[in-house]
Amino acid sequence: LSQLPGWSVRPDGSIVIATGNDDALGLYRCTPYNSYGTAGESRPTRVLLKDPPAFTVRPKEEYFQEVGRELVIPCAAHGDPPPTVTWVKVGSVGKSSAQVDGNSSLVLHPLIKEQHGVWECTATNQVASVTTATSVHVLGTSPHAVTNVSVLPLLLAANISWEPGFDGGYFQRFSVWYTPLVRYPPRAHHDWVSLSVPAGAQHLLVENLQPDTSYQFSVLAQNKLGSGPFSQIVTSVPRGFPVTTVPPEPPAMTVHVFLSPPRALTANETVRGVLLRWDPPARASVALSGYALELRQDKGGWEVLERSIPGTDTQVLVPGLIKDAFYEFRLVAFAGSYISDPSNTVNVSTAGKAGLPRWGWKQKLPELLPQPVLAGVIGGICFLSVAVIFSTMAACIMNRRRAARVRKRRQ
């Protein structure tokens, strides 16, 4: 072996041939031995030289074709043994609708928007695998989603930037959409606000934001054929005005908060109203702040009946329900800025119940009128009552005097 450059033997007895050539062809046997001799040679093994795959036809770097038409991309290779040629779209999930013909060419027919992107042609045999790539641009479609959306938080503002996706062959415009994340949203689905981006720009400054409030941002691309998909949603918090000169604290570590809903909510009717009882959440990784009670009447929308129930309470009394009505109650728990899922729902029916008032919890006079207005109404009623009494007394006195004058004249 010392006479063959690049040949060596490893400690385990394996032979290493650094460069394969005609000198390496032939039969090989291994003979193990020690101080007692050898048990004989191994069975022979033959060394053959094979060629790795090499492309004879490579696809172009880019292809442009109208949607709905046919696109054929060639790719061919040779080797010993002959390689197998396969095509795959980079980043695709699942099986592709593309076909490969007898010449190993990629056939896209009809061409669709989802086939836009980078395609790889791979030739493989027992020796090695080689790959080449090409880009397919599908024309005549709506824009593709923008990528790499980033948000830079500023003072009461945020600067949003992105990288445009393929425009589908037409001029495209962008719009930035954003919405605040509030702890108690006024309704189930909060609205998104959209701002148009000047033509040709790839960034936008969003101003007049609330400090220390989380916002969600997304970017939408449009051309004359329609809108593309929204980008991924990025959450950011604009900076507020500095209140102290103390250096900022180091960023806190990410804490995973677990808050399960209240358990075993039950309802019992009493002479004073409906008494609701429950068990605290089974899991709460932070201190419990309190509960909020929600009510729904006759299958209507859910409304917050009481949002400041202390976290130490496990029961609450709901008085003054309307007669001949159907109620549903549920409870949610709060821990700081986190809110749990709703508890189980309990039903209360007042159909046919005697002794209940005709007005409900939303129709109590102190809740319908503010206290200053209520005081003014009561005072006005008292003033009118006194005025009526004095007017009646004055009329009686005048009638008596008139009757006395008439009697004197007759006498």
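Is F230 buried, partly exposed or exposed?

**Exercise 1. Classify the two rings of an aromatic pair, beginning with F230.**

The model is predicted: local features require pLDDT of at least 70, side-chain atom pairs count only at pLDDT 80 or more, and totals for chains, interfaces and linings use all residues. Residues are numbered from 1 along each chain as its sequence is written, and side-chain values use heavy atoms, with hydrogens and water left out.

Step 1. Buried means under 20% relative accessible area, exposed over 50%, and partly exposed in between (1.4 Å probe, protein chains only).

Step 2. F230 has 45% relative accessibility and therefore counts as partly exposed. W177, with a relative accessible area of 24%, is partly exposed.

Step 3. Rings of Phe, Tyr and Trp (its six-membered ring) pair if their centres lie within 6.5 Å; planes under 30 degrees apart count as stacked, over 60 as edge-to-face and the rest as tilted. The whole structure yields eight aromatic pairs. In one of them, the ring centres of W177 and F230 are 5.5 Å apart and the planes stand at 85 degrees, so the pair is edge-to-face.

Step 4. Strands (E, at least two residues) and helices (H or I, at least four) are DSSP runs, numbered from the N terminus. W177 belongs to strand β16 and F230 to the loop between β20 (226–227) and β21 (234–236); the pair thus links distant parts of the chain, 53 residues apart. Ring pairs also join Y178, Y215 and F217 into a cluster.

**Exercise 2. Describe the largest nonpolar core and the strands that supply it.**

Step 1. A nonpolar core is a set of buried Ala, Val, Leu, Ile, Met, Phe, Trp, Tyr and Cys residues joined through side-chain atoms within 4.5 Å.

Step 2. The largest such core has 19 residues, of which I160, W162, V176, F217 and V219 touch the most other members. At least two residues each come from β14 (147–154), β15 (157–163), β16 (173–181), β18 (203–206) and β19 (214–223). The greatest contribution, four residues, is that of β19.

Step 3. Contact means heavy atoms within 4.5 Å. Leaving aside residues up to four places away in sequence, I160 touches V149, S150, V151, V176, Q202, H203, L204, V206, F217 and V219.

Step 4. Another core, of 18 residues, lies apart from the largest one and has V274, L276, L321 and F329 among its members.

**Exercise 3. Locate the unusual backbone geometries.**

Step 1. Most residues other than glycine have a negative phi, and most peptide bonds are trans.

Step 2. The D80 to P81 peptide bond is cis, with omega near 5 degrees; P81 is in the loop between β8 (76–80) and β9 (84–89). The H109 to P110 peptide bond is likewise cis, with omega near -5 degrees, and P110 is placed in the loop between β11 (106–108) and β12 (117–124).

Step 3. S104 has a positive phi, near 70 degrees, and lies in the loop between β10 (99–100) and β11. Its relative accessibility is 18%, so S104 counts as buried.

Step 4. D212 has a positive phi, near 55 degrees, and lies in the loop between β18 and β19. At 66% relative accessibility, D212 counts as exposed.

**Exercise 4. Summarise the overall composition.**

Step 1. The secondary structure comprises two helices and 29 strands. One residue of helix α2 (residues 371–410) is I389.

Step 2. Of the 411 residues, 28% are buried.
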